[in-house]
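Got the viewer open? Here's a tour you can follow by selecting one thing after another.

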Amino acid sequence: MARGEDSRDDRAMDDALFTPDPAPPPLDWLERHPVRAKWETLKQVWRSGRNLLHIFHPEAAGRPYVVANLGTLRLITVNDADFARQVLSERADRYVKSHMYQAMLGDFLGRTASLISDGPGARAKRRLLGPAFNARALKRLEGVVERHVRETLDGWAALGPGAEIDIGSEAPTLAMRIAMEAFFSTALGPRAERFAALLDDLMADAGSPSMADVMDLPRWVPRRSRRGVAEKMAEIDRYLLEAIDARLARRGEGPPDNPDMLDLLVHATDPETGAHLPRVEVRNEVVTLFMAGHETTALSLVWGFDRLARERAAQDRLAAAVQAARAAKGGPLACEDMRGIPLVGATYDEILRLYPPGYVVARTAVAEDSFGDLSIRPGDRFQIAIFMLHRNPRYWARAGAFEPDRFLDRTVAGARHPFAFIPFGGGPRLCIGLAVARMEAHLLIAETLARFRLSPVGAPPKPDGKITLRTEDRVRVRLDPRAPVDAPQAATASA
Ligand code: HEM
(Lines give C-alpha, C1' and ligand atoms only; values in the text may rest on other atoms or scores of the structure.)
Protein backbone atom coordinates (compact mmCIF):
# COMPACT_ATOMS: atom_id res chain seq x y z
CA MET A 1 0.00 0.00 0.00
CA ALA A 2 1.20 3.52 -0.74
CA ARG A 3 0.80 4.90 2.74
CA GLY A 4 3.33 7.72 2.78
CA GLU A 5 0.70 10.46 2.91
CA ASP A 6 -1.97 8.69 4.93
CA SER A 7 -2.76 9.90 8.43
CA ARG A 8 -2.29 7.75 11.55
CA ASP A 9 -6.01 6.90 11.72
CA ASP A 10 -6.05 5.86 8.06
CA ARG A 11 -3.15 3.51 8.74
CA ALA A 12 -4.76 2.04 11.85
CA MET A 13 -7.80 1.15 9.74
CA ASP A 14 -5.69 -0.36 6.98
CA ASP A 15 -3.64 -2.37 9.43
CA ALA A 16 -6.80 -3.86 10.89
CA LEU A 17 -7.98 -4.73 7.36
CA PHE A 18 -4.76 -6.19 6.12
CA THR A 19 -3.01 -7.82 9.07
CA PRO A 20 -4.28 -11.22 10.10
CA ASP A 21 -3.07 -12.26 13.53
CA PRO A 22 -0.91 -14.33 13.46
CA ALA A 23 0.44 -13.22 10.06
CA PRO A 24 0.80 -15.97 7.42
CA PRO A 25 4.24 -16.72 5.90
CA PRO A 26 5.26 -14.38 3.03
CA LEU A 27 3.80 -15.18 -0.40
CA ASP A 28 7.17 -15.89 -2.06
CA TRP A 29 7.94 -18.43 0.68
CA LEU A 30 4.55 -20.06 0.10
CA GLU A 31 5.23 -20.17 -3.64
CA ARG A 32 8.60 -21.89 -3.07
CA HIS A 33 7.13 -24.49 -0.67
CA PRO A 34 3.95 -25.77 -2.31
CA VAL A 35 3.32 -28.65 0.11
CA ARG A 36 3.74 -26.53 3.26
CA ALA A 37 1.76 -23.81 1.48
CA LYS A 38 -1.35 -26.02 1.33
CA TRP A 39 -1.19 -26.60 5.07
CA GLU A 40 -0.52 -22.91 5.82
CA THR A 41 -3.39 -21.85 3.57
CA LEU A 42 -5.79 -24.27 5.25
CA LYS A 43 -4.73 -22.92 8.65
CA GLN A 44 -5.40 -19.39 7.42
CA VAL A 45 -8.79 -20.36 6.08
CA TRP A 46 -9.67 -22.01 9.38
CA ARG A 47 -8.59 -18.97 11.41
CA SER A 48 -10.62 -16.68 9.22
CA GLY A 49 -13.76 -18.36 10.62
CA ARG A 50 -13.71 -15.56 13.21
CA ASN A 51 -13.04 -12.73 10.77
CA LEU A 52 -13.33 -13.47 7.06
CA LEU A 53 -11.03 -10.56 6.21
CA HIS A 54 -8.18 -12.73 7.37
CA ILE A 55 -8.70 -15.13 4.53
CA PHE A 56 -6.98 -12.54 2.34
CA HIS A 57 -3.20 -12.73 2.37
CA PRO A 58 -1.97 -9.23 3.33
CA GLU A 59 0.46 -9.19 0.38
CA ALA A 60 -2.47 -9.74 -2.02
CA ALA A 61 -3.07 -5.99 -1.59
CA GLY A 62 0.07 -5.36 -3.67
CA ARG A 63 -0.62 -7.85 -6.47
CA PRO A 64 -3.19 -8.02 -9.30
CA TYR A 65 -4.15 -11.54 -8.18
CA VAL A 66 -3.02 -14.32 -5.87
CA VAL A 67 -3.61 -18.03 -6.40
CA ALA A 68 -3.95 -20.24 -3.30
CA ASN A 69 -4.11 -24.05 -3.53
CA LEU A 70 -6.46 -25.73 -1.09
CA GLY A 71 -6.19 -29.44 -1.74
CA THR A 72 -7.69 -29.93 -5.17
CA LEU A 73 -9.30 -26.53 -5.11
CA ARG A 74 -7.79 -23.26 -6.34
CA LEU A 75 -8.84 -19.98 -4.79
CA ILE A 76 -7.98 -16.89 -6.84
CA THR A 77 -8.11 -13.50 -5.14
CA VAL A 78 -8.55 -10.65 -7.62
CA ASN A 79 -7.28 -7.13 -6.97
CA ASP A 80 -7.18 -5.81 -10.54
CA ALA A 81 -9.88 -3.80 -12.27
CA ASP A 82 -9.41 -5.44 -15.71
CA PHE A 83 -9.53 -8.92 -14.20
CA ALA A 84 -12.62 -8.00 -12.15
CA ARG A 85 -14.31 -6.69 -15.33
CA GLN A 86 -13.49 -9.92 -17.17
CA VAL A 87 -14.99 -12.15 -14.46
CA LEU A 88 -18.03 -10.05 -13.57
CA SER A 89 -18.91 -8.57 -16.93
CA GLU A 90 -17.04 -9.26 -20.18
CA ARG A 91 -16.94 -13.04 -19.78
CA ALA A 92 -19.63 -13.35 -17.14
CA ASP A 93 -21.02 -16.42 -18.97
CA ARG A 94 -17.89 -18.38 -17.93
CA TYR A 95 -18.46 -17.73 -14.22
CA VAL A 96 -21.37 -18.48 -11.91
CA LYS A 97 -22.27 -17.20 -8.47
CA SER A 98 -20.30 -19.14 -5.91
CA HIS A 99 -21.92 -22.26 -4.38
CA MET A 100 -20.88 -20.67 -1.12
CA TYR A 101 -23.82 -18.24 -1.42
CA GLN A 102 -26.21 -21.16 -1.81
CA ALA A 103 -24.68 -22.91 1.21
CA MET A 104 -24.84 -19.80 3.37
CA LEU A 105 -28.11 -18.27 2.32
CA GLY A 106 -30.11 -21.00 0.57
CA ASP A 107 -31.95 -22.00 3.77
CA PHE A 108 -33.08 -18.43 4.34
CA LEU A 109 -33.77 -17.14 0.86
CA GLY A 110 -34.83 -20.29 -0.98
CA ARG A 111 -32.54 -21.90 -3.56
CA THR A 112 -34.01 -19.95 -6.46
CA ALA A 113 -33.66 -16.46 -4.96
CA SER A 114 -32.17 -13.89 -7.33
CA LEU A 115 -29.15 -13.06 -5.17
CA ILE A 116 -27.78 -16.61 -5.16
CA SER A 117 -29.06 -18.37 -8.27
CA ASP A 118 -27.80 -18.47 -11.83
CA GLY A 119 -28.76 -19.26 -15.40
CA PRO A 120 -31.96 -18.46 -17.33
CA GLY A 121 -34.07 -18.58 -14.12
CA ALA A 122 -32.00 -15.82 -12.55
CA ARG A 123 -32.20 -13.70 -15.70
CA ALA A 124 -35.98 -14.07 -15.80
CA LYS A 125 -36.17 -13.11 -12.12
CA ARG A 126 -34.09 -10.03 -12.76
CA ARG A 127 -36.51 -8.94 -15.52
CA LEU A 128 -39.45 -9.48 -13.17
CA LEU A 129 -37.85 -7.40 -10.41
CA GLY A 130 -37.24 -4.51 -12.79
CA PRO A 131 -40.55 -2.65 -12.17
CA ALA A 132 -39.95 -2.63 -8.40
CA PHE A 133 -36.87 -0.49 -9.03
CA ASN A 134 -37.91 1.69 -11.97
CA ALA A 135 -38.21 5.47 -11.89
CA ARG A 136 -41.87 5.46 -10.76
CA ALA A 137 -41.21 3.05 -7.92
CA LEU A 138 -38.20 5.09 -6.82
CA LYS A 139 -40.28 8.27 -6.87
CA ARG A 140 -42.79 6.70 -4.46
CA LEU A 141 -39.94 5.63 -2.23
CA GLU A 142 -38.60 9.17 -2.03
CA GLY A 143 -41.56 10.29 0.07
CA VAL A 144 -41.12 7.34 2.46
CA VAL A 145 -37.38 8.04 2.83
CA GLU A 146 -37.91 11.77 3.39
CA ARG A 147 -40.47 11.23 6.14
CA HIS A 148 -38.44 8.65 8.06
CA VAL A 149 -35.21 10.63 7.78
CA ARG A 150 -36.97 13.73 9.13
CA GLU A 151 -38.48 11.75 12.05
CA THR A 152 -35.09 10.25 12.91
CA LEU A 153 -33.38 13.64 12.89
CA ASP A 154 -36.13 15.21 14.99
CA GLY A 155 -35.65 12.37 17.48
CA TRP A 156 -31.91 13.08 17.65
CA ALA A 157 -32.52 16.81 18.09
CA ALA A 158 -34.84 16.09 21.02
CA LEU A 159 -31.94 14.35 22.83
CA GLY A 160 -30.30 17.76 23.30
CA PRO A 161 -26.78 19.07 22.56
CA GLY A 162 -23.86 16.70 23.09
CA ALA A 163 -26.00 13.55 22.88
CA GLU A 164 -24.17 10.38 21.91
CA ILE A 165 -26.12 8.16 19.58
CA ASP A 166 -25.44 4.48 18.90
CA ILE A 167 -25.32 4.76 15.14
CA GLY A 168 -24.85 0.97 14.99
CA SER A 169 -28.46 0.60 16.08
CA GLU A 170 -29.93 3.90 14.77
CA ALA A 171 -28.94 3.24 11.15
CA PRO A 172 -30.44 -0.28 10.94
CA THR A 173 -33.60 0.94 12.69
CA LEU A 174 -34.04 3.72 10.13
CA ALA A 175 -33.28 1.37 7.21
CA MET A 176 -35.75 -1.19 8.58
CA ARG A 177 -38.55 1.37 9.01
CA ILE A 178 -38.07 2.57 5.46
CA ALA A 179 -37.98 -0.99 4.08
CA MET A 180 -41.06 -2.08 6.04
CA GLU A 181 -43.15 0.79 4.72
CA ALA A 182 -41.72 0.53 1.22
CA PHE A 183 -42.66 -3.15 0.99
CA PHE A 184 -45.84 -3.48 2.96
CA SER A 185 -47.32 0.00 3.47
CA THR A 186 -49.36 -0.72 6.60
CA ALA A 187 -50.33 -4.31 5.70
CA LEU A 188 -48.56 -5.98 8.63
CA GLY A 189 -50.28 -3.71 11.12
CA PRO A 190 -49.19 -4.18 14.75
CA ARG A 191 -47.15 -7.25 13.80
CA ALA A 192 -44.71 -5.12 11.81
CA GLU A 193 -42.39 -4.65 14.78
CA ARG A 194 -42.20 -8.37 15.59
CA PHE A 195 -41.64 -9.15 11.91
CA ALA A 196 -38.82 -6.60 11.70
CA ALA A 197 -37.16 -7.98 14.86
CA LEU A 198 -37.32 -11.54 13.52
CA LEU A 199 -35.79 -10.47 10.22
CA ASP A 200 -33.03 -8.60 12.05
CA ASP A 201 -32.20 -11.72 14.06
CA LEU A 202 -32.13 -13.90 11.01
CA MET A 203 -29.94 -11.49 9.10
CA ALA A 204 -27.43 -11.41 11.95
CA ASP A 205 -27.33 -15.21 11.83
CA ALA A 206 -27.29 -15.66 8.05
CA GLY A 207 -24.57 -13.03 7.76
CA SER A 208 -22.15 -14.88 10.07
CA PRO A 209 -21.56 -18.06 8.12
CA SER A 210 -19.62 -21.00 9.54
CA MET A 211 -16.31 -21.85 7.89
CA ALA A 212 -17.83 -25.10 6.62
CA ASP A 213 -20.36 -23.00 4.66
CA VAL A 214 -17.76 -20.62 3.30
CA MET A 215 -15.64 -23.53 2.10
CA ASP A 216 -18.71 -25.29 0.71
CA LEU A 217 -17.87 -28.46 2.71
CA PRO A 218 -20.25 -31.48 2.66
CA ARG A 219 -23.38 -31.34 4.80
CA TRP A 220 -22.00 -33.88 7.36
CA VAL A 221 -19.21 -31.49 8.41
CA PRO A 222 -20.26 -30.01 11.79
CA ARG A 223 -21.55 -26.45 11.63
CA ARG A 224 -22.51 -23.84 14.15
CA SER A 225 -25.97 -24.76 15.35
CA ARG A 226 -28.84 -23.15 13.54
CA ARG A 227 -31.38 -24.40 16.01
CA GLY A 228 -34.07 -21.79 16.43
CA VAL A 229 -33.61 -20.50 12.89
CA ALA A 230 -36.30 -22.79 11.49
CA GLU A 231 -38.83 -21.57 14.08
CA LYS A 232 -38.06 -17.93 13.30
CA MET A 233 -38.32 -18.62 9.56
CA ALA A 234 -41.68 -20.28 10.09
CA GLU A 235 -43.02 -17.28 12.00
CA ILE A 236 -41.72 -14.87 9.35
CA ASP A 237 -43.32 -16.96 6.64
CA ARG A 238 -46.65 -16.98 8.44
CA TYR A 239 -46.84 -13.18 8.40
CA LEU A 240 -45.36 -12.86 4.96
CA LEU A 241 -47.45 -15.47 3.18
CA GLU A 242 -50.61 -14.06 4.73
CA ALA A 243 -49.75 -10.60 3.33
CA ILE A 244 -48.85 -12.12 -0.06
CA ASP A 245 -52.06 -14.17 -0.22
CA ALA A 246 -54.17 -11.08 0.48
CA ARG A 247 -52.56 -9.34 -2.49
CA LEU A 248 -52.77 -12.43 -4.72
CA ALA A 249 -56.49 -12.69 -4.02
CA ARG A 250 -56.93 -9.26 -5.64
CA ARG A 251 -54.42 -9.72 -8.46
CA GLY A 252 -57.23 -10.02 -11.01
CA GLU A 253 -58.27 -6.43 -10.29
CA GLY A 254 -54.90 -5.15 -11.55
CA PRO A 255 -52.30 -3.18 -9.60
CA PRO A 256 -53.52 -0.46 -7.21
CA ASP A 257 -52.92 3.22 -8.04
CA ASN A 258 -50.23 3.65 -5.45
CA PRO A 259 -48.47 0.27 -5.35
CA ASP A 260 -45.91 -0.66 -2.71
CA MET A 261 -42.99 -3.03 -3.42
CA LEU A 262 -45.09 -6.09 -2.53
CA ASP A 263 -47.76 -5.05 -5.04
CA LEU A 264 -45.05 -4.57 -7.66
CA LEU A 265 -43.70 -8.08 -7.04
CA VAL A 266 -47.15 -9.67 -7.01
CA HIS A 267 -48.12 -7.96 -10.28
CA ALA A 268 -44.74 -8.29 -11.98
CA THR A 269 -45.04 -9.85 -15.43
CA ASP A 270 -42.14 -11.27 -17.40
CA PRO A 271 -42.03 -9.17 -20.59
CA GLU A 272 -40.89 -12.23 -22.59
CA THR A 273 -43.19 -14.96 -21.24
CA GLY A 274 -46.03 -13.03 -19.61
CA ALA A 275 -45.58 -15.16 -16.46
CA HIS A 276 -46.09 -13.89 -12.90
CA LEU A 277 -43.86 -14.81 -9.97
CA PRO A 278 -45.31 -17.82 -8.13
CA ARG A 279 -46.33 -17.26 -4.48
CA VAL A 280 -43.25 -18.89 -2.98
CA GLU A 281 -40.95 -16.87 -5.23
CA VAL A 282 -42.60 -13.62 -4.20
CA ARG A 283 -41.81 -14.70 -0.61
CA ASN A 284 -38.20 -15.56 -1.55
CA GLU A 285 -37.64 -12.23 -3.26
CA VAL A 286 -39.09 -10.21 -0.39
CA VAL A 287 -36.72 -11.95 2.06
CA THR A 288 -33.84 -11.57 -0.42
CA LEU A 289 -34.39 -7.86 -0.91
CA PHE A 290 -34.54 -7.32 2.84
CA MET A 291 -31.40 -9.37 3.41
CA ALA A 292 -29.40 -7.91 0.53
CA GLY A 293 -30.42 -4.33 1.12
CA HIS A 294 -30.99 -3.75 4.78
CA GLU A 295 -27.72 -4.50 6.53
CA THR A 296 -25.54 -3.26 3.66
CA THR A 297 -27.17 0.17 3.57
CA ALA A 298 -27.10 0.47 7.37
CA LEU A 299 -23.42 -0.52 7.56
CA SER A 300 -22.43 2.07 4.97
CA LEU A 301 -24.01 4.67 7.26
CA VAL A 302 -22.32 3.32 10.40
CA TRP A 303 -18.86 3.45 8.81
CA GLY A 304 -19.69 6.74 7.11
CA PHE A 305 -20.88 8.55 10.24
CA ASP A 306 -17.82 7.45 12.17
CA ARG A 307 -15.41 8.51 9.45
CA LEU A 308 -17.15 11.84 8.85
CA ALA A 309 -17.01 12.51 12.60
CA ARG A 310 -13.21 12.14 12.34
CA GLU A 311 -12.92 14.25 9.16
CA ARG A 312 -13.73 17.73 10.39
CA ALA A 313 -12.78 19.56 7.18
CA ALA A 314 -14.74 17.24 4.88
CA GLN A 315 -17.70 17.37 7.24
CA ASP A 316 -17.79 21.17 7.50
CA ARG A 317 -17.39 21.59 3.78
CA LEU A 318 -20.29 19.27 3.00
CA ALA A 319 -22.41 20.87 5.73
CA ALA A 320 -21.81 24.29 4.19
CA ALA A 321 -22.83 23.05 0.74
CA VAL A 322 -26.03 21.48 2.10
CA GLN A 323 -26.88 24.52 4.20
CA ALA A 324 -26.44 26.75 1.15
CA ALA A 325 -28.89 24.56 -0.77
CA ARG A 326 -31.32 24.63 2.16
CA ALA A 327 -31.06 28.41 2.37
CA ALA A 328 -31.74 28.71 -1.37
CA LYS A 329 -34.77 26.42 -1.05
CA GLY A 330 -35.99 27.93 2.20
CA GLY A 331 -36.37 24.63 4.08
CA PRO A 332 -35.31 20.99 4.48
CA LEU A 333 -34.12 19.23 1.36
CA ALA A 334 -35.84 16.40 -0.48
CA CYS A 335 -34.22 13.41 -2.18
CA GLU A 336 -34.41 15.07 -5.59
CA ASP A 337 -32.44 18.08 -4.28
CA MET A 338 -29.39 15.86 -3.76
CA ARG A 339 -28.69 15.96 -7.49
CA GLY A 340 -27.91 19.67 -7.15
CA ILE A 341 -25.18 19.03 -4.54
CA PRO A 342 -22.61 16.75 -6.24
CA LEU A 343 -20.45 16.75 -3.10
CA VAL A 344 -23.10 14.62 -1.31
CA GLY A 345 -22.79 11.78 -3.83
CA ALA A 346 -19.00 12.12 -3.92
CA THR A 347 -18.82 11.89 -0.11
CA TYR A 348 -20.99 8.77 -0.03
CA ASP A 349 -18.89 7.21 -2.81
CA GLU A 350 -15.75 7.91 -0.79
CA ILE A 351 -17.37 6.15 2.19
CA LEU A 352 -18.25 3.16 -0.01
CA ARG A 353 -14.73 3.13 -1.45
CA LEU A 354 -13.13 2.84 1.97
CA TYR A 355 -15.79 0.70 3.65
CA PRO A 356 -17.64 -1.32 1.01
CA PRO A 357 -20.27 -3.27 3.01
CA GLY A 358 -20.17 -6.03 0.36
CA TYR A 359 -16.38 -6.19 0.46
CA VAL A 360 -16.00 -9.29 -1.66
CA VAL A 361 -18.02 -11.03 -4.36
CA ALA A 362 -17.43 -14.68 -5.14
CA ARG A 363 -17.67 -16.63 -8.39
CA THR A 364 -16.82 -20.15 -9.64
CA ALA A 365 -15.40 -20.69 -13.13
CA VAL A 366 -17.52 -23.03 -15.27
CA ALA A 367 -15.42 -22.79 -18.44
CA GLU A 368 -11.77 -22.35 -19.35
CA ASP A 369 -10.42 -18.85 -19.50
CA SER A 370 -7.16 -16.98 -19.00
CA PHE A 371 -5.89 -13.70 -17.68
CA GLY A 372 -2.35 -12.74 -18.69
CA ASP A 373 -0.22 -15.84 -17.92
CA LEU A 374 -2.83 -17.38 -15.66
CA SER A 375 -4.83 -20.31 -17.06
CA ILE A 376 -8.24 -20.58 -15.47
CA ARG A 377 -9.88 -23.99 -15.12
CA PRO A 378 -13.52 -24.90 -14.52
CA GLY A 379 -14.01 -25.24 -10.76
CA ASP A 380 -11.59 -22.44 -9.84
CA ARG A 381 -13.02 -20.28 -7.07
CA PHE A 382 -12.76 -16.52 -7.30
CA GLN A 383 -13.03 -13.79 -4.77
CA ILE A 384 -13.10 -10.29 -6.20
CA ALA A 385 -11.58 -8.38 -3.29
CA ILE A 386 -13.53 -5.15 -3.61
CA PHE A 387 -12.01 -3.61 -0.48
CA MET A 388 -8.50 -4.15 -1.86
CA LEU A 389 -9.39 -2.87 -5.31
CA HIS A 390 -10.74 0.28 -3.64
CA ARG A 391 -7.38 0.85 -1.94
CA ASN A 392 -5.16 -0.32 -4.79
CA PRO A 393 -2.54 2.43 -5.28
CA ARG A 394 -2.59 1.80 -9.04
CA TYR A 395 -5.97 3.48 -9.14
CA TRP A 396 -6.12 5.50 -5.95
CA ALA A 397 -3.44 7.93 -4.72
CA ARG A 398 -3.30 8.35 -0.92
CA ALA A 399 -5.62 5.35 -0.81
CA GLY A 400 -6.35 5.46 2.93
CA ALA A 401 -7.14 9.20 2.97
CA PHE A 402 -10.73 10.49 2.93
CA GLU A 403 -10.93 12.66 -0.18
CA PRO A 404 -14.43 12.87 -1.72
CA ASP A 405 -13.10 15.19 -4.43
CA ARG A 406 -11.55 12.22 -6.22
CA PHE A 407 -15.07 11.36 -7.38
CA LEU A 408 -15.58 14.83 -8.80
CA ASP A 409 -12.31 14.76 -10.72
CA ARG A 410 -12.60 12.64 -13.84
CA THR A 411 -8.81 12.50 -14.24
CA VAL A 412 -8.44 10.23 -11.19
CA ALA A 413 -7.53 6.75 -12.51
CA GLY A 414 -9.88 4.94 -10.10
CA ALA A 415 -12.85 7.14 -10.98
CA ARG A 416 -12.19 6.56 -14.71
CA HIS A 417 -11.95 2.75 -14.73
CA PRO A 418 -15.49 1.37 -14.38
CA PHE A 419 -14.24 -1.62 -12.34
CA ALA A 420 -11.84 0.14 -9.94
CA PHE A 421 -14.82 1.28 -7.84
CA ILE A 422 -17.42 -1.48 -7.56
CA PRO A 423 -19.19 -1.27 -4.17
CA PHE A 424 -22.33 -2.60 -5.89
CA GLY A 425 -20.59 -5.25 -7.99
CA GLY A 426 -20.73 -4.98 -11.77
CA GLY A 427 -21.91 -6.58 -15.03
CA PRO A 428 -25.23 -8.42 -15.34
CA ARG A 429 -25.43 -9.09 -11.57
CA LEU A 430 -24.94 -5.46 -10.57
CA CYS A 431 -26.81 -4.65 -7.37
CA ILE A 432 -30.45 -4.04 -8.23
CA GLY A 433 -30.99 -1.79 -5.18
CA LEU A 434 -28.13 0.65 -5.59
CA ALA A 435 -30.36 3.64 -6.31
CA VAL A 436 -32.41 2.86 -3.19
CA ALA A 437 -29.28 2.68 -1.01
CA ARG A 438 -27.95 5.91 -2.47
CA MET A 439 -31.26 7.73 -2.05
CA GLU A 440 -31.48 6.83 1.64
CA ALA A 441 -27.81 7.46 2.46
CA HIS A 442 -27.51 10.74 0.55
CA LEU A 443 -30.49 12.30 2.29
CA LEU A 444 -29.58 11.08 5.77
CA ILE A 445 -25.95 12.26 5.48
CA ALA A 446 -26.88 15.63 3.98
CA GLU A 447 -29.69 16.47 6.37
CA THR A 448 -27.72 15.25 9.40
CA LEU A 449 -24.75 17.47 8.57
CA ALA A 450 -26.99 20.46 7.91
CA ARG A 451 -28.35 20.17 11.44
CA PHE A 452 -25.56 18.61 13.51
CA ARG A 453 -21.82 18.61 13.96
CA LEU A 454 -20.55 15.04 14.39
CA SER A 455 -17.69 14.18 16.75
CA PRO A 456 -16.12 10.77 17.21
CA VAL A 457 -16.54 8.75 20.38
CA GLY A 458 -13.59 6.45 21.15
CA ALA A 459 -11.14 4.84 18.74
CA PRO A 460 -12.03 4.08 15.08
CA PRO A 461 -14.01 0.83 14.83
CA LYS A 462 -12.23 -2.35 13.87
CA PRO A 463 -13.60 -4.19 10.84
CA ASP A 464 -15.23 -7.57 11.38
CA GLY A 465 -15.49 -9.47 8.12
CA LYS A 466 -18.66 -11.51 8.01
CA ILE A 467 -20.72 -11.77 4.82
CA THR A 468 -20.75 -7.96 5.10
CA LEU A 469 -18.15 -5.59 6.53
CA ARG A 470 -19.38 -5.24 10.10
CA THR A 471 -17.68 -3.44 12.98
CA GLU A 472 -16.25 -5.33 15.95
CA ASP A 473 -17.74 -2.93 18.49
CA ARG A 474 -20.76 -0.70 18.73
CA VAL A 475 -20.17 2.68 17.04
CA ARG A 476 -21.26 5.88 18.73
CA VAL A 477 -21.04 9.47 17.54
CA ARG A 478 -21.69 12.72 19.38
CA LEU A 479 -24.17 15.22 17.96
CA ASP A 480 -24.08 18.96 18.59
CA PRO A 481 -26.34 21.49 16.91
CA ARG A 482 -24.64 23.09 13.92
CA ALA A 483 -24.78 26.83 13.55
CA PRO A 484 -26.99 27.70 10.56
CA VAL A 485 -24.32 28.77 8.08
CA ASP A 486 -20.71 27.63 8.19
CA ALA A 487 -19.15 29.45 5.26
CA PRO A 488 -17.13 27.03 3.11
CA GLN A 489 -14.02 29.25 3.24
CA ALA A 490 -14.13 29.37 7.03
CA ALA A 491 -14.62 25.61 7.20
CA THR A 492 -11.61 24.99 4.97
CA ALA A 493 -9.46 27.49 6.85
CA SER A 494 -10.24 25.88 10.22
CA ALA A 495 -9.30 22.40 8.94
C1 HEM B 1 -24.89 0.22 0.37
C2 HEM B 1 -25.80 -0.71 0.11
C3 HEM B 1 -25.59 -1.90 -0.77
C4 HEM B 1 -24.42 -2.52 -1.14
C5 HEM B 1 -22.99 -2.15 -0.76
C6 HEM B 1 -24.78 -3.62 -2.01
C7 HEM B 1 -23.85 -4.45 -2.63
C8 HEM B 1 -24.19 -5.42 -3.55
C9 HEM B 1 -23.23 -6.20 -4.31
C10 HEM B 1 -21.71 -6.07 -4.22
C11 HEM B 1 -23.93 -7.04 -5.11
C12 HEM B 1 -23.35 -8.02 -6.15
C13 HEM B 1 -23.29 -9.43 -5.63
C14 HEM B 1 -22.64 -10.36 -6.65
O15 HEM B 1 -22.26 -9.95 -7.73
O16 HEM B 1 -22.52 -11.55 -6.33
C17 HEM B 1 -25.34 -6.83 -4.83
C18 HEM B 1 -26.38 -7.54 -5.41
C19 HEM B 1 -27.69 -7.40 -5.06
N20 HEM B 1 -28.23 -6.42 -4.24
FE21 HEM B 1 -27.20 -4.97 -3.27
N22 HEM B 1 -26.14 -3.67 -2.13
C23 HEM B 1 -26.68 -2.64 -1.40
C24 HEM B 1 -28.02 -2.31 -1.28
C25 HEM B 1 -29.04 -3.05 -1.79
C26 HEM B 1 -30.46 -2.74 -1.64
C27 HEM B 1 -31.01 -1.50 -0.91
C28 HEM B 1 -31.16 -3.76 -2.22
C29 HEM B 1 -32.64 -3.96 -2.37
C30 HEM B 1 -33.57 -3.13 -2.03
C31 HEM B 1 -30.19 -4.70 -2.78
C32 HEM B 1 -30.50 -5.84 -3.46
C33 HEM B 1 -29.59 -6.62 -4.16
C34 HEM B 1 -29.95 -7.80 -4.94
C35 HEM B 1 -31.35 -8.40 -5.11
C36 HEM B 1 -28.76 -8.28 -5.51
C37 HEM B 1 -28.61 -9.49 -6.43
C38 HEM B 1 -28.67 -9.04 -7.87
C39 HEM B 1 -28.38 -10.18 -8.82
O40 HEM B 1 -27.64 -11.10 -8.46
O41 HEM B 1 -28.88 -10.15 -9.96
N42 HEM B 1 -28.93 -4.23 -2.50
N43 HEM B 1 -25.47 -5.83 -3.91
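Start by selecting Leu-333, which counts as buried because its relative accessibility is 7%, under the 20% cut-off. Keep in mind as you look around that this is a predicted model. Leu-333 sits in the loop that links H14 and H15.

So what does Leu-333 touch, once you ignore its neighbours within four places in sequence? Light up Val-322, Ala-325, Arg-326, Met-338, Ile-341, Leu-443 and Glu-447: Leu-333 is in contact with each of them. Now add Leu-198 to your selection. It is 135 residues away from Leu-333 in sequence, and the two C-alpha atoms are 33 Å apart in space.

**Next stop: H14 and H18**

Select helix H14, residues 312–329, together with H18. Their axes come within 8 Å and cross at roughly 90°, so H14 and H18 are roughly perpendicular to each other. To see the contact, show side chains on both helices. H14 brings Gln-315, Leu-318, Ala-319, Val-322, Gln-323 and Arg-326, while H18 brings Ile-445, Ala-446, Glu-447, Leu-449, Ala-450 and Arg-451. Try colouring this contact by residue type: you should get seven nonpolar, two polar and three charged residues.

**Swap in H15**

Keep H18 (residues 434–451) on screen and select helix H15, residues 342–354. Here the axes come within 10 Å, and the crossing angle is roughly 110°. That makes H15 and H18 roughly perpendicular to each other. On the H15 side, look for Val-344, Gly-345, Tyr-348, Asp-349 and Ile-351. On the H18 side, the contact uses Ala-437, Arg-438, Ala-441, His-442, Ile-445 and Ala-446. Colour these by type too, and you'll find seven nonpolar, two polar and two charged residues.

**Step off the end of H15**

Pick Tyr-355, in the loop between H15 and strand S5 (360–365). Is Tyr-355 buried or exposed? With a relative accessibility of 3%, Tyr-355 counts as buried. For a distance check, pick Arg-247 as well: it is 108 residues from Tyr-355 along the chain, and their C-alpha atoms are separated by 39 Å.

**An odd backbone angle**

Go to Arg-398, in the loop between helix H16 (386–389) and helix H17 (413–416). What is the phi of Arg-398? It is positive, at about 45°, even though this residue isn't a glycine. Most residues other than glycine have a negative phi. Switch on the surface and you'll see that Arg-398 is partly exposed, with a relative accessible area of 32%.

**Over to strand S9**

Select S9, residues 452–456, and zoom in on Pro-456. Pro-456 is partly exposed, with a relative accessible area of 35%. Leaving out residues up to four places away in sequence, Pro-456 touches Ala-309 and Arg-310. Ala-158 is 298 residues from Pro-456 along the chain, with 20 Å between their C-alpha atoms.

**Last stop: the two sides of H3**

Finally, select helix H3, residues 34–47. At 1.5 Å a residue, its 14 residues should span 20 Å, and the end C-alpha atoms are indeed 20 Å apart. Which residues of H3 are buried? They are Ala-37, Glu-40, Thr-41, Gln-44 and Val-45. These cover an arc of only 140° around the axis, so they lie on the same side of H3. Turn the helix to the face pointing away from that buried side, and you'll meet the exposed residues Val-35, Trp-39 and Trp-46.

Key: Residues are numbered from 1 along each chain as its sequence is written. This is a predicted model: local features need pLDDT of at least 70, side-chain atom pairs count only at pLDDT 80 or more; totals for chains, interfaces and linings use all residues. Side-chain values use heavy atoms; hydrogens and water are left out. Helices (H or I, at least four residues) and strands (E, at least two) are DSSP runs, numbered from the N terminus. The expected span of a helix is 1.5 Å times one less than its number of residues. Buried means under 20% relative accessible area, exposed over 50%, partly exposed in between (1.4 Å probe, protein chains only). The arc is that of the directions from the helix axis to the C-beta atoms. Axes are lines fitted to C-alpha atoms, for helices over the stretch in contact, and angles run from 0 to 180 degrees between N-to-C directions. Angles under 35 degrees count as roughly parallel, over 145 as roughly antiparallel, 65 to 115 as roughly perpendicular and the rest as oblique. Contact means heavy atoms within 4.5 Å. Ala, Val, Leu, Ile, Met, Phe, Trp, Tyr, Cys and Pro count as nonpolar, Asp, Glu, Lys and Arg as charged, and the others, Gly among them, as polar.
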